[in-house]
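Trainee: Could we go through this model together, one question at a time? I would like to see the reasoning behind each answer.

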Amino acid sequence: MTAFEQYFESLKKVLGRDDLYEIWPDFEPDYDEREYAWTTLRGLGESLLLNCGQCDGPSDMRHKKCKACVERRKEIARRTYEKFMGRPIEKWNAIILCRIHIE
């Protein structure tokens, strides 16, 4: 269990509300679904990088909103990949949820 998961588990106990959420509290997504890139990473192969931007979510596929976001953006990236590379991608070997900050 990560430190954040432990924090939210403790919060449920303090509030006496084990029914509040499963692992992570709910949140409102805030990201640009077109902010993604793909690259070939040594040892991983074709990898998809998804910029979670200002999203308050946990960047965890166990959360239903994160999972839905990733599935939607994987399809967008798949279509773009095929258009630019001239061939379909069989699968993304790794999907990395990240927040890219530029100063």
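Trainee: Glad to start with charges. How many salt bridges does the count come to?

Mentor: Keep in mind that this is a predicted model. A pair counts here when a side-chain nitrogen of Lys or Arg is within 4 Å of a carboxyl oxygen of Asp or Glu. By this rule, the number of salt bridges is 12.

Trainee: Let me take one of them. Which residue forms a salt bridge with R17, and is that partner buried or exposed?

Mentor: The closest N and O atoms of R17 and its partner D19 are 2.9 Å apart. R17 is partly exposed, since its relative accessibility is 38%. For D19 the value is 57%, and the cut-off for exposed is over 50%. So the partner is D19, and D19 is exposed.

Trainee: And R34, which residue does it pair with in a salt bridge?

Mentor: Here the closest N and O atoms are 3.1 Å apart. R34 counts as exposed because its relative accessibility is 63%, while the partner, at 25%, counts as partly exposed. That partner is D32.

Trainee: Now the helix. Which residues are linked with E82 in a network of salt bridges?

Mentor: Start with the pair E82 and R78, whose side chains meet at 3.3 Å, N to O. Both lie in helix α2, 4 residues apart, which is about one turn of the helix. E82 is partly exposed at 34%, and R78 is partly exposed at 28%. The residues linked with E82 in the network are E75, R78 and R79.

Trainee: On to the sheet. What is the order of its strands, and which strands stand at the edges?

Mentor: This is an open sheet of 3 strands with mixed pairing, in the order β1-β2-β3. Two of these strands have a single partner each, so one side of each is left without a neighbour in the sheet. Neighbouring strands are turned by 25° against each other on average, direction ignored. The strands at the edges are β1 and β3.

Trainee: In what sense do β1 and β2 pair, and which residue in β2 is the bridge partner of A37?

Mentor: Strands of a sheet pair through backbone hydrogen bonds, either parallel or antiparallel. Between β1 and β2, residues 45-51, the sense is antiparallel, over 6 bridges. The bridge partner of A37 is L49.

Trainee: Where does α2 lie, and at what angle does it run to β1?

Mentor: Helix α2 spans residues 64-85. Its place is across β1, β2 and β3. The angle to β1 is about 70°.

Trainee: Is A94 buried or exposed?

Mentor: A94 is found in strand β3. Beyond residues up to four places away in sequence, A94 touches L44, E46, S47 and L48. Its relative accessible area is 12%, and under 20% means buried, so A94 is buried.

Trainee: What about H63, buried or exposed?

Mentor: H63 is in the loop between β2 and α2. Leaving aside neighbours within four places in sequence, its contacts are W24, P25, D26, F27 and P58. With a relative accessible area of 8%, H63 is buried.

Trainee: Last one: which residues form a nonpolar patch on the surface?

Mentor: One member, L20, lies in the loop between α1 and β1. L20 counts as partly exposed because its relative accessibility is 35%. Together the patch residues have about 300 Å² of accessible area. They are V14, L15 and L20.

How values were computed. Residues are numbered from 1 along each chain as its sequence is written. This is a predicted model: local features need pLDDT of at least 70, side-chain atom pairs count only at pLDDT 80 or more; totals for chains, interfaces and linings use all residues. Side-chain values use heavy atoms; hydrogens and water are left out. Patches are made of residues with over 30% relative accessible area and no salt bridge: like charges are joined within 9 Å, nonpolar side chains (Val, Leu, Ile, Met, Phe, Trp, Tyr) within 5 Å. Accessible areas come from the Shrake-Rupley method with a 1.4 Å probe; for residues, only the protein chains shown count as cover. Helices (H or I, at least four residues) and strands (E, at least two) are DSSP runs, numbered from the N terminus. Buried means under 20% relative accessible area, exposed over 50%, partly exposed in between (1.4 Å probe, protein chains only). Two strands pair if DSSP finds at least two bridges between them. Axes are lines fitted to C-alpha atoms, for helices over the stretch in contact, and angles run from 0 to 180 degrees between N-to-C directions. Contact means heavy atoms within 4.5 Å.
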